[in-house]
Amino acid sequence: MEDRRHFIKKCGLLGSLFMVDQKQFAEVFSSYSRFNLNLDLSNVNFFFTGNLKGDLSVLSSIKNISSVKLDSGNFISTSIDFSNEVKKMNNAGYQAVALSKNELNLNEKQLIELTNLAEFTLLNSHLNFENPILDKTIKKFQIVTIDGTKTAILAISSGFRASRDLIKINQLAHQLKNEQNCKSVICLIANGFQKKTVRSVLAKSKNIDLFWTSEIPNQKGGNLILKNAEQRQVMLIHGQKNVNTIGHYQTSFTHTFSAFPLRLSHQLPKQLV
């Protein structure tokens, strides 16, 4: 009888371990599939949002479209309970999100909770956090692999000082392009940066192909193409204040990545809905 109890207990323990392993496997697989996409390289869609402030109704229009989805921050409201907002971002399939004022205004405990809930990567490419947990979980970059082709995502947030931090950003972009073999590098810019600052960042940048920000104060949504510090063309897509804009950038990776897209708009094309 004692042997039978021992056997049942042992089987139960092994069963529990198996269930835990299955759960861990599912989490690892989900994470892998989020950052490794099987898309048509001749027709790759990037969708950009920002400054949603908890109003995530716009996500329904892009949730089921196979694409790279990125956000420039302020996706949570100022409320303490943001778990439902993060869940919606997870379900929509976001790969990476920049930290903006609403996220950075959270206390350490809340910000750690946010990193635990998010299945997408929280990005800040120039800040170091004193809290070791946050410094480890908030990443400097995220690589998304599209059918074997790598795209790197960077982010500029509150506290950015061009004279100090742009060197870090450029060095990181150089590393991603030349050591990690990324075909393209995209940089998310949190809202609130003045047009003069944004233009300066573009003009002094290196190895970054595309920038997105949800808002430039006193500017309507639009696009801007400048030459960077390497005299190469770089594009900025930007939204405008109080408008939940979805930036849409459609490009081809079958040739060298170009600042000029196949399609560029601030409204979702009807054929993709």
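# Two cores and a small charged network

Let us start with one residue: Cys182 is buried, since its relative accessibility is 4%. Another cysteine, Cys187, is buried as well, at 0% relative accessibility. What you are looking at is a predicted model, so please read each value here as computed from that model. How many disulfides does the structure hold? The count is 0. As a reminder, a disulfide is a covalent bond between the sulfur atoms of two cysteines. Cys182 and Cys187 are therefore two buried cysteines in a structure with 0 disulfides.

Now step back to the whole chain. The model has 7 helices and 13 strands, and of its 273 residues, 49% are buried. If you take the contacts between residues at least 6 apart in sequence, 65% of them join residues at least 24 apart. The accessible surface comes to about 14,300 Å², and carbon and sulfur atoms account for 50% of that area.

From the surface we can turn to the interior. In soluble globular proteins, nonpolar side chains tend to be buried together. In this chain, the largest nonpolar core has 27 residues. Which residues have the most contacts inside this core? They are Leu59, Phe75, Met89, Tyr94, Leu114, Phe120 and Leu122. Helix H2 and helix H4, the latter spanning residues 108–117, each supply at least two residues of the core.

Leu122 makes a good place to pause. Setting aside residues up to four places away in sequence, Leu122 touches Phe75, Val97, Leu99, Leu114, Thr115, Thr137, Ile138 and Lys139. Two of these partners, Phe75 and Leu114, are listed beside Leu122 among the residues with the most contacts inside the core. There is also a second, separate core, made of 26 residues, and its members include Ala152, Phe193, Val201 and Leu202.

Helix H2 deserves another look, this time for a charged residue. Glu85 lies in this helix, which covers residues 83–92. Where is the nearest side chain of opposite charge to Glu85? That side chain belongs to Lys88 and is 7.9 Å away. A salt bridge here requires a nitrogen and an oxygen within 4 Å, and Glu85, though buried, has no salt bridge. Beyond its neighbours within four places in sequence, Glu85 is in contact with Gly54, Leu56, Phe75, Ile76, Ser77 and Ser79. You will recognise Phe75 from this list as one of the core residues mentioned above.

Other charged residues do find partners, and the structure holds 4 salt bridges. Follow helix H6, residues 162–178, to see some of them. Asp165 pairs with Arg164, where the closest N and O atoms are 2.8 Å apart. Asp165 also meets the side chain of Lys168 in a salt bridge, at 3.6 Å from N to O. Lys168 and Asp165 are 3 residues apart in H6, about one turn of the helix. Is Asp165 buried or exposed? Asp165 is buried, because its relative accessible area is 0%. Its two partners are partly exposed, with relative accessible areas of 36% for Arg164 and 35% for Lys168.

Helix H6 takes part in another pairing too. Lys177 forms a salt bridge with Asp209, and their closest N and O atoms are 3.2 Å apart. Why does this pair tie together parts that are 32 residues apart in sequence? Lys177 lies in helix H6, while Asp209 sits in the loop between helix H7 (195–204) and strand S9 (210–213), so the bridge spans that separation. Both of these residues are buried. Shared partners, meanwhile, join the salt bridges of Arg164, Asp165 and Lys168 into one network.

Two partly exposed residues round off the walk. Gly192 is in the loop between strand S8 (184–189) and H7, and Gly192 counts as partly exposed because its relative accessibility is 37%. Leaving out neighbours within four places in sequence, Gly192 is in contact with Glu215 and Pro217. Its C-alpha atom is separated by 9.4 Å from that of Ser157, 35 residues away along the chain.

Ile225 belongs to strand S10, residues 222–227, and is partly exposed at 33% relative accessibility. The C-alpha atoms of Ile225 and Leu202 are separated by 8.8 Å, with their positions 23 residues apart along the chain. Leu202 takes us back to the second core, where this residue is among the members.

Definitions and conventions. Residues are numbered from 1 along each chain as its sequence is written. This is a predicted model: local features need pLDDT of at least 70, side-chain atom pairs count only at pLDDT 80 or more; totals for chains, interfaces and linings use all residues. Side-chain values use heavy atoms; hydrogens and water are left out. Helices (H or I, at least four residues) and strands (E, at least two) are DSSP runs, numbered from the N terminus. Buried means under 20% relative accessible area, exposed over 50%, partly exposed in between (1.4 Å probe, protein chains only). Contact means heavy atoms within 4.5 Å. Accessible areas come from the Shrake-Rupley method with a 1.4 Å probe; for residues, only the protein chains shown count as cover. A disulfide is a pair of cysteine sulfur atoms within 2.5 Å. Lys and Arg count as positive and Asp and Glu as negative; His and the chain ends are not counted. A nonpolar core is a set of buried Ala, Val, Leu, Ile, Met, Phe, Trp, Tyr and Cys residues joined through side-chain atoms within 4.5 Å.
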